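Here's a quick briefing to read with the model open beside you. It goes through a pocket, some charged pairs and one lysine.

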Amino acid sequence: EFITSLLILGNTLSKSSLTINENVNINLKSQVIEYFTTLAIQIFENFSVWKYQIDYEKYQIGINIISFLKQIVQVKISVANNTNNSVFEVFEPSLKKIVNSFLVGDINDLRAVSPLLLTIEQLSNPKMKLLTTSRSGLMAHRWISECFEFSTQIVQLRSLSRANLPSNLERELYSNLINLINVYLFNTSFRKQLLNLLTKLIQSNWNDKPPSVLTHLRTTHSIILLNCLYEDISTPTSNSDLKVALLNFLASTMENNQKGLSLFLITGTILPDAKSVVSEGKYSLFRLLRSLVANITDYTGKLTYHLLKSMLLCLSIWHGSCSDNDDMTFVEKLLDIIKNNTIAESAEPNLWKVEIIAKTVEIISLYLFVSRGKCKKCESKIFNLLNSSDFLHSLEAKFKIKLRDEQSIKLISEKFSKFSNGKFQLGQFLHIEQSK
């Protein structure tokens, strides 16, 4: 109870340090937080093997430690490279201790991360059952969630602090990918957190070519992963946050040099290379995403954006077969989004609308490139819209920029010119109207 109370005190002091209080010396606050950080790490390295009179006391200690450490790591993630502020100054010494303990990469030291890896190993056992009807079960459930969230933070922290030095934690996570997929299979409660962890793991930087997820999973667990992802995204009752996490994971495999896994998930078939032309397998995510796009009803939401982004990446990676019969409803829906998803002039931001229209236009452009005259009916539908007088008249409104000052207009114009290597100027394409 004493250790738990001490950790709760540390959490309270850490939270209070997130606000600027000139009555308390910054160095004093920093020293106190650093003391609690050292204590928390030392306890975390050993508490899993302690003996407890009450089961849930172990989970209480672990939860309080992770809660404390997460606050500190989140400060770094939030400020990223903008570290010139007094809040970061308070937590900087503590953050260095966390980096030096949890992101060890040059020596074989797993002390700090062993409780996280042990939890994954235990959870991958299908015989492990979590009964959330008891206090101990509820605490265990929260502890597991905290482990996944903290592991995700630590992997993200490495990209911000030690970009070129992969950590032992990341290497162990790759080695334990089969266990992670077993966790996904047997424990539906933690699927979103697990997908977030895998996404950050795939996005992390490596000195040379990153480890291959497909190689580590091997055939059996690659198929298990594909089947689980297919069911989760196709089931109407699946939580939208889970679907967004799933689409983010799929996008990360395609954006971060995981070509083997990408092609397998897209086609549902093991392919030798991206140019191989075969029919999609039963669980092809490409075919599923195409069907989901064809049935979009929400033209403004976050899930729709991530669905279109993943579809675009699929098209850009795998130039599979296209046909008028399979693609007609898909293309018609894309054209409908362009025609009907207007950007209203209002005080409320239309960010998702803008992103959705942008992704839709990119998909249409890429589809024309991939089709190359093979799908004449679909192409005809697209060109009918592009050449219609209503669409042409709407372009000025779609490309109009309303800004409050000349400096912003100048900055955007300079970026546009730089992007086109000086060949084009923004004024050639946009009607710029300065708002009054």
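## The second largest pocket and its surroundings

The lining of the second largest pocket breaks down into nine polar, three charged and two nonpolar residues. Keep in mind that this is a predicted model. The protein chain runs to 436 residues, and 47% of them count as buried.

**Overall layout**

- The protein chain has 19 helices, plus two strands.
- Take the contacts in the protein chain with a separation of 6 or more: 73% of them come from residues 24 or more positions apart.

**The pocket**

- The second largest pocket holds about 300 Å³ of space.
- Three elements give two or more residues each to the lining of the second largest pocket: helix 3 (56–79), helix 6 (135–161) and helix 9 (191–203).
- Helix 9 supplies the largest share of that lining, with six residues.
- There are 14 lining residues, and the ones nearest the pocket's centre are Glu149, Thr152, Gln156, Asn196 and Lys200.

**Salt bridges around Lys70**

- Searching the whole structure turns up 11 salt bridges.
- Lys70 has two of them to look at here: one with Glu146, at 2.9 Å from N to O, and one with Glu149, at 2.8 Å from N to O.
- The Glu149 pair spans 79 residues of sequence, linking helix 6, where Glu149 sits, to helix 3, where Lys70 sits.
- How exposed or buried are the two ends of that pair? Lys70 is buried, with a relative accessible area of 17%, while Glu149 is partly exposed at 35%.
- The cut-off matters for Lys70: buried means under 20% relative accessible area, so its 17% puts Lys70 in the buried class.
- Glu146 and Lys70 are both buried.
- Glu149 turns up in two places in this briefing: it is among the residues nearest the centre of the second largest pocket, and it is a salt-bridge partner of Lys70.

**The Arg290 pair and the wider network**

- Arg290 and Asp327 meet through their side chains in a salt bridge of 3.0 Å, N to O.
- Arg290 belongs to helix 13 (residues 285–294) and Asp327 to helix 15, so this salt bridge ties together parts that are 37 residues apart in sequence.
- Both ends are buried: Arg290 has a relative accessible area of 8%, and Asp327 has one of 3%.
- Back at the Lys70 site, salt bridges with shared partners join Lys70, Arg142, Glu146 and Glu149 into one network.

**Lys333, a buried lysine without a partner**

- Lys333 is found in helix 15, which covers residues 324–340.
- Which side chain of opposite charge is nearest to Lys333, and how far away is it? That's Asp336, 4.5 Å away, and Lys333 is buried with no salt bridge.
- A salt bridge needs the nitrogen within 4 Å of a carboxyl oxygen, so Asp336 at 4.5 Å doesn't make one with Lys333.
- Leaving aside residues up to four places away in sequence, Lys333 touches Val293, Ala294, Ile296 and Tyr299.

Note on methods: Residues numbered from 1 in each chain as written. Predicted model: local features only at pLDDT ≥ 70, side-chain atom pairs only at ≥ 80, totals over all residues. Heavy atoms only, no water. Helix = DSSP H or I, 4+ residues; strand = E, 2+ residues; numbered from the N terminus. Buried < 20%, exposed > 50% of the residue type's maximum accessible area, 1.4 Å probe, protein only. Lys, Arg positive; Asp, Glu negative; His and termini not counted. Contact = heavy atoms within 4.5 Å. 1 Å grid on protein atoms, 1.4 Å probe; cavity = no way out; pocket = protein on both sides within 12 Å on 5 of 7 lines; lining within 4 Å. Points joined across faces, edges and corners; volume = space filled by probe spheres on them. Nonpolar A, V, L, I, M, F, W, Y, C, P; charged D, E, K, R; others polar.
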